[in-house]
Amino acid sequence: MDTLTPAEVTAVMLTIGEKKAAQKYYITFFKAWMAAWMLNFGAMSVQIFQGGAGTLRKDYPSIINLVAALIFPIGLIMLVLTGQELCTANFMIFIMTSIKKRTKLWELPVNWIIVFFGNMAGALTFVAFLAHYSKLYNTDALVTYSAGVAVTKTAEGWGPCVLRGIGCNFLVCLAVWLGAGARETISKIFALHFPAFAFVFLGFEHVIVNMYYIPIGMLNGAHVSVGKYVGQSMIPSLIGNIIGGALLGVPMVLFYTPPELPFFHRKRGNSVVVRENVDVGGGTIGDNLHVEPVNGHKKQ
């Protein structure tokens, strides 16, 4: 089955944004809680692998990071395929719907706030119950490594952290974008996996993933205060993630939902116009989209 075109994926994203905005707030919150819970299965798997790598981590750091990056996307795949709410994806989606006036401007901050704190609640409960109280951090090497990660992530400085946040969420949103364009499960898994793999391997910063790495490090003895975590990691990575989502979402709206671009009225040949409001009903997202070629012939 063919993948959706970029114009069709843009239409899907706009429709998804409308549905997210219409969702009851308590459902949005608990979907956000579940999203972070799922995402942290990947984060915890990565840290247990890296913390237990011993001298291999020092002797072959690129290889260890490569394997860790291959492991991490399991959480993102789970949360996307089950339809949960991740604030970093919503940074892109609600900017797109706001530009197209498919959602009200006030719905953007409301959704972002609810999903952000829902993600935080899910991440912190995961840290407490599945990581800390479960006693899975049961070796000195793993405890020391997790504490070191927390210290490192709060010592980057604002500029590098913002820039790493931009790179991270551009790739995360690209993963979500490519996943929406795929029409069957195995294709969605591959589409989601590789951009997420890239952001981990490259060392970028994801505000929600850090809600696992830094708190578990703090519980394991890292000399990091809550204030330092919020001021030196959470806020700059959040700003970077918002910018990164915008850097993907805004161009896609301008490229594929005319007439925003000034050259739209030039001769377009066999380009298509997507009817953005038809992606309703059951089935996989995108299956119900219709596109209309400029010459009037329709396809589905």
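Q: Is F72 buried or exposed?
A: This is a predicted model. In the model, F72 has 2% relative accessibility, so F72 counts as buried, the cut-off being under 20%.

Q: Where in the chain does F72 lie?
A: F72 lies in the loop between α4 (61-71) and α5 (74-81), and F199, the other ring of its pair, lies in helix α10, so the pair ties together parts that are 127 residues apart in sequence.

Q: What kind of pair do F72 and F199 make?
A: The ring centres are 5.4 Å apart and the planes stand at 85 degrees, so the pair is edge-to-face.

Q: Why that label?
A: Planes over 60 degrees apart count as edge-to-face, and the angle here is 85 degrees, so the label follows.

Q: And F199, buried or exposed?
A: F199 has 5% relative accessibility, so F199 counts as buried as well.

Q: How many aromatic pairs are there?
A: The count comes to 13 aromatic pairs. One of them is W37 with F126, an edge-to-face pair with 5.4 Å from centre to centre and 80 degrees between the planes.

Q: Which helices hold W37 and F126?
A: W37 is in helix α2 and F126 is in helix α7 (residues 107-132). The two residues are 89 residues apart, and their pair links distant parts of the chain.

Q: Are those two buried or exposed?
A: Both W37 and F126 are buried.

Q: Which residues are in the ring cluster?
A: Ring pairs join W33, W37, F41, F126, Y212 and Y213 into a cluster.

Q: Changing topic to empty space. How is it found in general?
A: A probe the size of a water molecule is rolled over the atoms, and this shows where empty space is left.

Q: How many cavities of 30 Å³ or more does the search find?
A: The search of the whole structure finds one. The largest cavity holds about 30 Å³ of space.

Q: What lines the largest cavity?
A: The lining is made of L39, F72, L76, L86, V172, F199, H206 and V209. F72 and F199, the edge-to-face pair from earlier, are therefore both part of this lining.

Q: How does that lining divide by class?
A: Seven of the lining residues are nonpolar, one is polar and none is charged.

Q: What about the second largest pocket, how much space is in there?
A: About 470 Å³ of space lies in the second largest pocket. It is lined by 21 residues, and the closest to its centre are Q50, Y145, K153, V200 and G203.

Q: Which helices supply at least two residues of the lining of that pocket?
A: α2 (25-51), α8 (140-153), α10 (185-202) and α11 (210-219) each do. The largest share, four residues, comes from α8.

Q: What classes are the residues of this lining?
A: The lining of the second largest pocket has 10 nonpolar, seven polar and four charged residues.

Q: Back to α10. Where is K188, and what does its side chain reach?
A: K188 is found in helix α10. The side chain of K188 reaches the backbone oxygen of A182 at 2.9 Å.

Q: Is K188 buried or exposed?
A: K188 has 13% relative accessibility, so K188 counts as buried.

Q: Last one, M34. Where does it lie?
A: M34 lies in helix α2 and is partly exposed, with a relative accessible area of 31%. M34 and L86 are 52 residues apart in sequence, and 9.1 Å separates them in space, C-alpha to C-alpha. L86 also appears among the residues that line the largest cavity.

Note on methods: Residues numbered from 1 in each chain as written. Predicted model: local features only at pLDDT ≥ 70, side-chain atom pairs only at ≥ 80, totals over all residues. Heavy atoms only, no water. 1 Å grid on protein atoms, 1.4 Å probe; cavity = no way out; pocket = protein on both sides within 12 Å on 5 of 7 lines; lining within 4 Å. Points joined across faces, edges and corners; volume = space filled by probe spheres on them. Nonpolar A, V, L, I, M, F, W, Y, C, P; charged D, E, K, R; others polar. Phe/Tyr/Trp six-rings, centres within 6.5 Å; stacked < 30°, edge-to-face > 60°. Buried < 20%, exposed > 50% of the residue type's maximum accessible area, 1.4 Å probe, protein only. Polar contact = N/O pair within 3.5 Å; in protein donor to acceptor, adjacent residues only side chain to side chain.
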